[in-house]
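Here's a walk through one protein chain, from a single residue out to the whole fold and back to its cross-links. Have the viewer open as you read.

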Amino acid sequence: MKKKIVLSAIVFVFFTAVGSLLGLSKADKNHLSDIQIANIEALSSGENGNGGTPVDKCYMSAIFGGNMGWHYFCNSETTENMIYACPSQQTYGSASTLYVCTK
């Protein structure tokens, strides 16, 4: 009885492995639809087609002095090394340093 169970398990594992290998060999892993290819190209090329990121101007808020008026103020964490999304509307205040933000 023990030999039959072991032999049955070996046969089951063998046929499962062979079936899996045949199924994987028939699968077309490199086939992408036209829509998938277009999506990949769009993601890799950026929004404006040349791989860049569009930017706009924004200002840092000034405590003293600065140019009073309606401005797009940058995220307060903006630095020369890190920029953030552009604000959606202008705010009245005193502007100092001019930076860029991502559109």
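Which residues does Ser94 touch, not counting those up to four places away in sequence? The list runs to Met60, Ser61, Ala62, Gly65, Gly66, Asn67, Met68 and Phe73. Keep in mind throughout that this is a predicted model.

## Around Ser94

Ser94 belongs to strand β3. Is Ser94 buried or exposed? Ser94 has a relative accessibility of 9%, and because the cut-off for buried is under 20%, Ser94 counts as buried. Two of the names in the Ser94 contact list, Met68 and Phe73, come back further down as partners of Tyr92.

## The overall layout

Stepping back, the secondary structure adds up to 2 helices and 3 strands. Going along the sequence, these elements come in the pattern α-α-β-β-β. The protein has 103 residues, and 12% of them count as buried.

On the surface side, the accessible area comes to about 8,700 Å², with carbon and sulfur atoms supplying 61% of it. As for how the chain meets itself, take the contacts between residues at least 6 apart in sequence: 48% of these join residues at least 24 apart.

## A nonpolar patch on the outside

Part of that surface is a nonpolar patch, made up of Leu7, Val11, Phe14, Phe15 and Val18. Together these residues offer about 480 Å² of accessible area.

Phe15 is a handy one to click on. Phe15 sits in helix α1, which covers residues 2-26. With a relative accessible area of 55%, Phe15 is exposed; the label applies because the cut-off for exposed is over 50%.

## Tyr92 and its aromatic partner

Tyr92 is another residue of strand β3. At 49% relative accessibility, Tyr92 counts as partly exposed. Setting aside its neighbours within four places in sequence, Tyr92 is in contact with Met68, Gly69, Trp70 and Phe73. For Phe73, the C-alpha to C-alpha distance to Tyr92 is 9.1 Å, with their positions 19 residues apart in sequence.

How many aromatic pairs does the count come to? It comes to 1 aromatic pair. The ring centres of Trp70 and Tyr92 are 5.6 Å apart and their planes stand at 65 degrees, so this pair is edge-to-face. Trp70 is in strand β2 while Tyr92 is in strand β3, so the pair ties together parts that are 22 residues apart in sequence. Trp70 itself is exposed, at a relative accessible area of 57%.

## Two disulfides

Now for the cross-links. A disulfide is a covalent bond between the sulfur atoms of two cysteines. The count here comes to 2 disulfides. If you number the bonded cysteines in sequence order, they pair as 1-2, 3-4.

One of them joins Cys58 and Cys74, with the sulfur atoms 1.8 Å apart. This pair links distant parts of the chain, 16 residues apart: Cys58 is in strand β1 (residues 55-61), and Cys74 is in the loop between β2 (67-71) and β3 (91-102). With 100 degrees about the S-S bond, the Cys58 and Cys74 link is right-handed. What about cover? Cys58 is buried at 0% relative accessibility, and Cys74 is buried too, at 11%.

The other disulfide is formed by Cys86 and Cys101, whose sulfur atoms are 2.0 Å apart. Cys86 is found in the loop between β2 and β3 and Cys101 in strand β3, so the bond ties together parts that are 15 residues apart in sequence. The torsion about the S-S bond of Cys86 and Cys101 is about 100 degrees, so this disulfide is right-handed. Here the two ends get separate labels: Cys86 counts as partly exposed at 22% relative accessibility, whereas Cys101 counts as buried at 2%.

## Strand β3 as a meeting point

To tie it up, look at strand β3 once more. Ser94 lies in this strand, and so does Tyr92. Cys101 is there as well, bonded to a cysteine in the loop between β2 and β3. Ser94 brings in contacts including Met60 and Gly66, and Tyr92 adds the edge-to-face pairing with Trp70.

Definitions and conventions:
Residues numbered from 1 in each chain as written. Predicted model: local features only at pLDDT ≥ 70, side-chain atom pairs only at ≥ 80, totals over all residues. Heavy atoms only, no water. Patch = residues over 30% accessible without salt bridge, like charges linked within 9 Å, V, L, I, M, F, W, Y side chains within 5 Å. Areas by Shrake-Rupley, 256 points an atom, 1.4 Å probe, with all protein chains shown as cover. Salt bridge = Lys/Arg side-chain N within 4 Å of Asp/Glu carboxyl O. Helix = DSSP H or I, 4+ residues; strand = E, 2+ residues; numbered from the N terminus. Buried < 20%, exposed > 50% of the residue type's maximum accessible area, 1.4 Å probe, protein only. Contact = heavy atoms within 4.5 Å. Disulfide = S-S within 2.5 Å. Phe/Tyr/Trp six-rings, centres within 6.5 Å; stacked < 30°, edge-to-face > 60°.
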